[in-house]
Amino acid sequence: MQATVRIERYADQGRCIAHIDGRVVFVRFALPGELDTIELDEPHERDDRFWTGEVVDVVEPSEDRVEPLWPLAGPLAQGGGVGGADLIHVSLSGQLKWKSAVITDQMRRMGHLDIDDVPVARMDGDVDEKGLHWRTRIELIADEEGRVSMRRRASHTRVRIDTMPLATRALLAVARDQKLWDEQFEPGAKIRVAVPEPRDIHTSKVPNKVLLEAIGDNFAITVDGHLHAGSKRLKEVVDVDGKRYKYGVEADGFWQVHRMAPPTLVKYVMRLVSQELSGVQSATLWDLFSGSGLFTVPLAKTFAHTHMLSVEGGRMAVRNAERNLHIAKDANVTVLQGDVSHCLRNVPEELANPNVVVLDPPRAGAKAQVCRQLAEADTHSIVYIACDPTSLARDMATLTKLGYGLKSIQAFDIYPMTHHVETVALFTRENQ
């Protein structure tokens, strides 16, 4: 079923809202203010609370609409549908506008705070790259013939690909060198490519040979979790304010995927922590959901007068963090592995009352129990790094009830061409 509708406003998950006969319709590849012809998803005859659909024709376009630079990720009606870039039809400035609107709406509606529009910062180099070439990790699947492909939405079809425009130039150089696009795998095999960004060269301005020499064997191609080419353990480097921090990360482990996300986020978080510890002679820091130590290492090295607690659920990530701290020669960090809420019930007495807590939870957020534990520990300041604004808003409402006020909030567009966004919020205990 098709219908022509006026698009009203942004919604979540990269969709916009329209109405048909009073029923809400969530529309993919639309923009507010447009008049679009949409195809409703099946089944739409049921008495559901809402329907979903996708643009098949733009009658009156928004000023933020552009032709998709990667058509394969665009609407199905235009031969797209592979996913991974649900804002591919939106200009770069329009994407920032979209993300700011969604974050601000969630903070007001679910966080119950009347705040100004949340600013969204773009990563260095993204304008020059037109929002492409930022992913240091990609995940693909082998099609029925064993060739590298991506799944097409709303079908079992796997579309063979010979490039991935969101991938960094370093990753694409490795893919070509390893003949990834021509190789044959077991049908259905899951293929992951990870290539840390080489920090000492400008990847868009050097010959392919120089780029590959800079990468060396610091890359990984895994197939169904098994190393296919490269190295099982990867070396990541983060440069912040003239200091270089070195990390080891498993080939299939978590790491911020945008090539510029690690230095950008570390620099911003460090500035907030420094601000909150100004004038404090001896302090306690917690780094929760700490992964392989992205924030733990620079915090420990910079704030040598502090005692630190690092908590992470993933066993391999904790081992990486311990190695990374050892390499950084920092022994003032107590590292715990396990569920964060459970670990916080048994914190050593000398670490029990943190001045500042840095937490970077998964998409579901920290949740109410952890928020309550932070308040019970008499935490003064909380630096909350969120990859989902809805979860942040939900936890914000909990923290507000527990006596914390929002001191600052800043978003970072570390996922161009997608609806995803990273937000960093600083909360401080009120009346202290």
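This section describes two sheets, the pockets, a cavity and the surroundings of one proline in a predicted model.

One open sheet comprises six strands in the order S1-S5-S6-S4-S3-S2, and the pairing within this sheet is mixed. Strand S1 (2-6) and strand S2 (9-10) occupy the edges, and because each has a single partner strand, one side of each is left without a neighbour in the sheet. Within the sheet, strand S4 (residues 23-28) pairs with strand S6 (residues 50-60) in the parallel sense, the two being joined over five bridges. In this pairing, Val-27 is found opposite Gly-53 in S6.

Another open sheet is also built from six strands, here in the order S10-S9-S8-S11-S12-S13, with antiparallel pairing. Its edges are formed by strand S10 (158-160) and strand S13 (226-230), each of which pairs on one side only. Direction being ignored, neighbouring strands of this sheet are turned against each other by 40° on average. Strand S8 (residues 137-142) and strand S11 (residues 190-194) run antiparallel and are joined by five bridges; Ile-141, for its part, has Lys-190 in S11 as its bridge partner.

Strands S8 and S11 reappear in the description of the largest pocket, since S8, strand S9 (148-151) and S11 each contribute at least two residues to its lining. The volume of the largest pocket is about 1,000 Å³. Its lining consists of 45 residues, and of these Gly-83, Gly-84, Arg-135, Glu-139 and Met-150 lie nearest the centre of the pocket. The largest share of this lining, amounting to five residues, is supplied by S8. When the lining residues of the largest pocket are divided by class, 17 are nonpolar, 14 are polar and 14 are charged.

The second largest pocket has a volume of about 620 Å³. It is lined by 33 residues, of which Phe-254, Phe-289, Glu-312, Asp-360 and Pro-362 are those that lie nearest its centre. Two or more residues of this lining are given by each of strand S15 (243-250), helix H6 (315-327), helix H7 (340-343) and helix H8 (367-376). By class, the lining of the second largest pocket contains 15 nonpolar, eleven polar and seven charged residues.

Enclosed space was also examined. Rolling a probe the size of a water molecule over the atoms shows where empty space is left. A search of the whole structure returns one cavity of 30 Å³ or more, and the volume of the largest cavity is about 40 Å³. The residues that line this largest cavity are Thr-222, Gly-225, His-226, Leu-227, Lys-232, Ala-251 and Asp-252. Two of the lining residues are nonpolar, three are polar and two are charged.

A further site of interest is Pro-298, which is located in helix H5 (residues 296-302). Pro-298 counts as buried because its relative accessibility is 0%, where the cut-off for a buried residue is under 20%. When neighbours within four places in sequence are left aside, Pro-298 is in contact with Tyr-245, Tyr-247, Val-266, Met-270 and Gly-293. For one of these partners, Val-266, the separation along the chain is 32 residues, while the C-alpha atoms of Pro-298 and Val-266 are 7.8 Å apart.

Key: Residues numbered from 1 in each chain as written. Predicted model: local features only at pLDDT ≥ 70, side-chain atom pairs only at ≥ 80, totals over all residues. Heavy atoms only, no water. Pairing = 2+ DSSP bridges. Helix = DSSP H or I, 4+ residues; strand = E, 2+ residues; numbered from the N terminus. Axes fitted to C-alpha atoms, helices over the stretch in contact; angles between N-to-C directions. 1 Å grid on protein atoms, 1.4 Å probe; cavity = no way out; pocket = protein on both sides within 12 Å on 5 of 7 lines; lining within 4 Å. Points joined across faces, edges and corners; volume = space filled by probe spheres on them. Nonpolar A, V, L, I, M, F, W, Y, C, P; charged D, E, K, R; others polar. Buried < 20%, exposed > 50% of the residue type's maximum accessible area, 1.4 Å probe, protein only. Contact = heavy atoms within 4.5 Å.
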